Amino acid sequence: QEVGYGFIVIDSSAADASIREYPGSFKDYKRVPMGTKLTVLDKTVTGKTKYMPSGITWYKIEYNGVSGWVSEFVTNSADLHN
């Protein structure tokens, strides 16, 4: 049995969250409605700097057949296993 990364729920203050083509991308190509629960397929961290030593965590998800990445800023209901 494969252990995945768990799931996240889109619950930012934004009405919906944009799926990015790759971590750190600014191009939106799909929106995910608030309250949507998504399985995390992968995760990575970008943007580690002196001022943001922990960087920004990005979660790879799939929504309605579109896979892409959402940032940690659009969720605070992460249930991650690793």
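Here are some exercises on this protein chain, each with a worked solution.

The model is predicted, so local features need pLDDT of at least 70 and side-chain atom pairs count only at pLDDT 80 or more, while totals for chains, interfaces and linings use all residues. Residues are numbered from 1 along each chain as its sequence is written, and side-chain values use heavy atoms, with hydrogens and water left out.

**Exercise 1. The overall layout**

Work out which secondary structure elements the protein chain has, and what share of its residues is buried.

Solution. Start with the elements: there are zero helices and eight strands. Helices (H or I, at least four residues) and strands (E, at least two) are DSSP runs, numbered from the N terminus. Next, walk along the sequence, and you get β-β-β-β-β-β-β-β. Then turn to burial, where buried means under 20% relative accessible area, exposed over 50%, and partly exposed in between (1.4 Å probe, protein chains only). By that rule, 33% of the 82 residues are buried. Last, check the contacts, meaning heavy atoms within 4.5 Å. Among those between residues at least 6 apart in sequence, 52% join residues at least 24 apart.

**Exercise 2. Strand 2 and its partner**

Find out how strand 2 is joined to strand 3, and how many of the residues in strand 2 are buried.

Solution. Locate strand 2 at residues 16–20; four of its five residues are buried, so call it mostly covered by the definition of burial. Now look across to strand 3, residues 28–33: the two strands run antiparallel and are joined by five bridges. (Two strands pair if DSSP finds at least two bridges between them.) For one such pairing, take Ile19, whose bridge partner in strand 3 is Lys30.

**Exercise 3. Strand 6 and its two neighbours**

Describe how strand 6 pairs with strand 5 and with strand 7.

Solution. Strand 6 spans residues 56–63, and six of its eight residues are buried. On one side, five bridges tie strand 6 to strand 5 in an antiparallel arrangement, with Thr46 opposite Ile56. For the other pairing, strand 6 and strand 7 also run antiparallel, with six bridges between them; here Glu62 stands opposite Ser67.

Now step into the hairpin of strand 6 and strand 7, which has two residues between the strands. Asn64 sits in that loop and has a phi near 50°, a positive value in a residue other than glycine. Asn64 is exposed, at 60% relative accessibility.

**Exercise 4. The largest nonpolar core**

Which residues make up the largest nonpolar core, and which strand gives the most to it?

Solution. Begin with the rule: a nonpolar core is a set of buried Ala, Val, Leu, Ile, Met, Phe, Trp, Tyr and Cys residues joined through side-chain atoms within 4.5 Å. The largest one has twelve residues: Ile8, Ile10, Ala17, Ile19, Val32, Leu38, Val40, Tyr59, Ile61, Tyr63, Val70 and Val74. Strand 2 and strand 6 each supply at least two of them. Strand 6 gives the most, with three residues.

**Exercise 5. Three residues, one by one**

For Ser71, Thr36 and Asp42, decide whether each is buried, partly exposed or exposed, and list what each touches beyond four places in sequence.

Solution. Take Ser71 first. Ser71 belongs to strand 7, residues 66–71, and is buried at a relative accessible area of 12%. Its contacts are Ile56, Thr57 and Trp58.

Move on to Thr36, in the loop between strand 3 and strand 4. With a relative accessible area of 15%, Thr36 is buried. Thr36 touches Ile8, Val9, Ile10 and Tyr63. Asp16 is 20 residues from Thr36 in sequence, with 9.1 Å between their C-alpha atoms.

Finish with Asp42, in strand 5, which is partly exposed at 30%. Asp42 touches Tyr5, Trp58, Tyr59, Lys60 and Trp69. Its C-alpha atom is 9.5 Å from that of Gly6, 36 residues away along the chain.

**Exercise 6. A patch on the surface**

Which residues form a nonpolar patch on the surface, and what accessible area do they have together?

Solution. Patches are made of residues with over 30% relative accessible area and no salt bridge (a side-chain nitrogen of Lys or Arg within 4 Å of a carboxyl oxygen of Asp or Glu). Like charges are joined within 9 Å, and nonpolar side chains (Val, Leu, Ile, Met, Phe, Trp, Tyr) within 5 Å. Here the patch holds Tyr51, Met52 and Phe73, with about 390 Å² together. Tyr51 lies in the loop between strand 5 and strand 6 and is exposed, at 70% relative accessibility. Accessible areas come from the Shrake-Rupley method with a 1.4 Å probe; for residues, only the protein chains shown count as cover.
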